[in-house]
Amino acid sequence: MKTDIRKIIVVDDSKTSQMITKSCLEICGLTDTEYLFAADGIEALNRIQKEAIDIAVVDLNMPKMNGTELLKHIKSDIKTVYIPVIILSSIINPKKENDLKALGAAFILKKPITPATFEPIIHQL
């Protein structure tokens, strides 16, 4: 699949989860995409401020700066507000989902993820 998605940052403190996310996205056709990785929100924010990111895939529970805080930073900066943020979490309830959407999350996905989880989202983006 040919897309305009050139660079994706995957933010998760688990290397295994990072690789699973990348594999799922590649299976969905994002093979010509550059993947960046960060283990927490602070590391991710530094990368996002230096590089042109097309999509951020962010785990909610991380050390130093969690996914909610990272989402707030991305959506409050004029230089990064345009980046669609996909939130991943094993614990999602309707209130938390509404709160994340209100903060600007494009999509919220429940772990474990599969390529089928990402397929409709990639087509929308």
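Ile9 counts as buried because its relative accessibility is 0%, under the 20% cut-off. Keep in mind that this is a predicted model. The residue sits in strand 1, and its C-alpha lies 8.5 Å from that of Glu34, although 25 residues separate the two in sequence. Once neighbours within four places in sequence are set aside, Ile9 is in contact with Leu36, Ala38, Ala44, Arg47, Ile48, Ile53, Ile55, Ala56 and Val57.

Where does Ile9 fit in the wider picture? It belongs to the largest nonpolar core, which has 22 residues; Ile9, Val11, Val58, Leu70 and Ile87 touch the most other members. Here are the elements that give two or more residues to this core:

| Element | Residues |
|---|---|
| strand 1 | 7-11 |
| strand 2 | 34-38 |
| helix 2 | 41-50 |
| strand 3 | 55-59 |
| helix 3 | 67-76 |
| strand 4 | 85-89 |

Another core, of 18 residues, lies apart from this one, and Tyr35, Leu109, Phe118 and Ile121 are among its members.

Now to Ile87 and its partners. Not counting residues up to four places away in sequence, Ile87 touches Val58, Leu60, Gly67, Leu100, Ala105, Phe107, Ile108 and Leu109.

Helix 4 is worth a look at both ends. At its start, a side-chain oxygen of Asn93 comes within 3.1 Å of the backbone nitrogen of Lys95, the helix itself covering residues 94-103. Just after helix 4 comes Gly104, with a positive phi of about 115 degrees.

Technical notes: Residues numbered from 1 in each chain as written. Predicted model: local features only at pLDDT ≥ 70, side-chain atom pairs only at ≥ 80, totals over all residues. Heavy atoms only, no water. Polar contact = N/O pair within 3.5 Å; in protein donor to acceptor, adjacent residues only side chain to side chain. Helix = DSSP H or I, 4+ residues; strand = E, 2+ residues; numbered from the N terminus. Core = buried A, V, L, I, M, F, W, Y, C linked by side-chain atoms within 4.5 Å. Buried < 20%, exposed > 50% of the residue type's maximum accessible area, 1.4 Å probe, protein only. Contact = heavy atoms within 4.5 Å.
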